[in-house]
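Let's take a walk through this structure together, beginning with its overall plan and then moving on to a few chosen spots. Have the viewer open as you read.

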Amino acid sequence: MSYTQPPSKSTSGFHYFAEGWRLISRPGIKRYVVLPLLVNVLLMGSAFWWLFSQLGDWIPAMMSHVPHWLQWLSYLLWPLAVVSVLLVFSYLFSTITNLIAAPFCGLLAEQLEGSLTGKPLPDTGIFGIVKDLPRIMAREWRKLAYYLPRALLLLILYFIPGIGQTVAPVLWFLFSAWMLAIQYCDYPFDNHKVSFADMRRALRRHKTDNLQFGALVSLFTMIPILNLVILPVAVCGATAMWVDRYRPQFVRS
């Protein structure tokens with residue numbers, strides 16, 4: 001059965017995030033959800049257990065950099081410091097998890113696209129993954145090369161008194177939302193060998209919707225328990241977005 005979006009139906013980032021939750025239980029797809037889900041549970045679960053055990057030491061250390069003239073805002077800056085740590089490390093842990101789970105996420109996106117369109121992609125299955133593994137890993141490193149210099153610049157802002165506790169968390173949240181939209185939308189784009197640069201240009205044309213999608217993924221990545229299942233949800237939501245919005249542009253019938 002093919003999947004088409006009625007013209008009257010919302011196609012915002014919020015909609016596709018909700019679609020991800022629905023599609024992970026789609027008949028014929030659930031078995032492809034299992035492997036990325038297991039990787040996410042093991043890595044994200046361990047990472048966040050360690051992170052929460054360290055917060056008690058890190059937050060006071062961050063607050064010690066607040067200048068005296070901002071001390072009266074400490075009751076607001078303390079939660080911002082907590083959110084900053086969660087944002088930085090949730091994206092860091094997501095990046096590591098996605099690097100390891102990339103082949104399985106690509107397979108999930110491939111199978112879901114075939115189910116939604118009724119047109120299965122060629123070379124499906126585990127043998128296609130093995131053959132494509134070097135290219136998949138090269139693509140993940142390409143995303144990392146795009147991310148690192150921008151992330152380092154934002155991290156430097158955290159050490160600037162005042163700015164680091166006020167402006168930097170907001171900029172980091174927006175950057176994380178954009179990067180997570182790139183991360184998960186890239187799986188269906190890459191399955192069709194669309195270049196990284198072409199994908200970014202396509203996503204920028206709908207930047208608000210993609211920021212909405214990435215922001216929700218980022219928020220749920222910070223929530224214990226829910227963050228354990230967010231990886232396959234995000235892949236499914238991004239694949240639905242690809243089918244509705246981008247596939248006609250890049251795939252000839």
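Starting at the N terminus, the elements of the protein follow the order α-α-α-α-α-α-α-α. That gives eight helices and zero strands in what is, please keep in mind, a predicted model. Of the 253 residues in the protein, 53% are buried. If you look at contacts between residues at least 6 apart in sequence, 78% of them join residues at least 24 apart.

A good first stop is the pair formed by helix H1 (residues 13-23) and helix H7 (residues 207-221), whose axes are 7 Å apart and meet at an angle of about 45°. Because of that angle, H1 counts as oblique to H7. On the H1 side, the contact is made by Gly13, Phe14, Tyr16, Phe17 and Trp21, while H7 brings in Asp209, Gln212, Phe213, Leu216, Val217 and Phe220.

Phe213 also leads us on to another helix. Its C-alpha is 8.3 Å from that of Leu180, although 33 residues separate the two in sequence. Leu180 belongs to helix H5 (residues 163-191), and with a relative accessible area of 2% Leu180 is buried.

Next, let's visit helix H8 (residues 230-250), which has a kink of about 50° centred on Val243. How many of the 21 residues of H8 are buried? The count is 17, so H8 is largely enclosed by the rest of the structure.

It is worth setting the record beside the model here. An unreviewed UniProt entry carries the annotation "transmembrane region" for residues 32-52, 72-93, 144-164 and 210-243. In the model, the span 210-243 is 76% helix and 0% strand, and its end C-alpha atoms lie 14 Å apart.

Finally, consider the cysteines. A search of the whole structure turns up zero disulfides. Cys105 is in no disulfide, and the nearest cysteine sulfur to its own is that of Cys236, 9.5 Å away. Why do these two not pair? A disulfide needs the two sulfur atoms within 2.5 Å, and at 9.5 Å from the sulfur of Cys105, the closest one, the sulfur of Cys236 is too far for a bond. Are these cysteines buried or exposed? Cys105 is buried, with a relative accessible area of 0%, and Cys236 is likewise buried, at 0%.

Note on methods: Residues are numbered from 1 along each chain as its sequence is written. This is a predicted model: local features need pLDDT of at least 70, side-chain atom pairs count only at pLDDT 80 or more; totals for chains, interfaces and linings use all residues. Side-chain values use heavy atoms; hydrogens and water are left out. The bend at a residue is the angle between axes fitted to the seven residues ending there and the seven starting there. Helices (H or I, at least four residues) and strands (E, at least two) are DSSP runs, numbered from the N terminus. Buried means under 20% relative accessible area, exposed over 50%, partly exposed in between (1.4 Å probe, protein chains only). UniProt positions are given in the numbering used here, feature names are shortened, and annotations may be inferred rather than shown by experiment. Axes are lines fitted to C-alpha atoms, for helices over the stretch in contact, and angles run from 0 to 180 degrees between N-to-C directions. Angles under 35 degrees count as roughly parallel, over 145 as roughly antiparallel, 65 to 115 as roughly perpendicular and the rest as oblique. Contact means heavy atoms within 4.5 Å.
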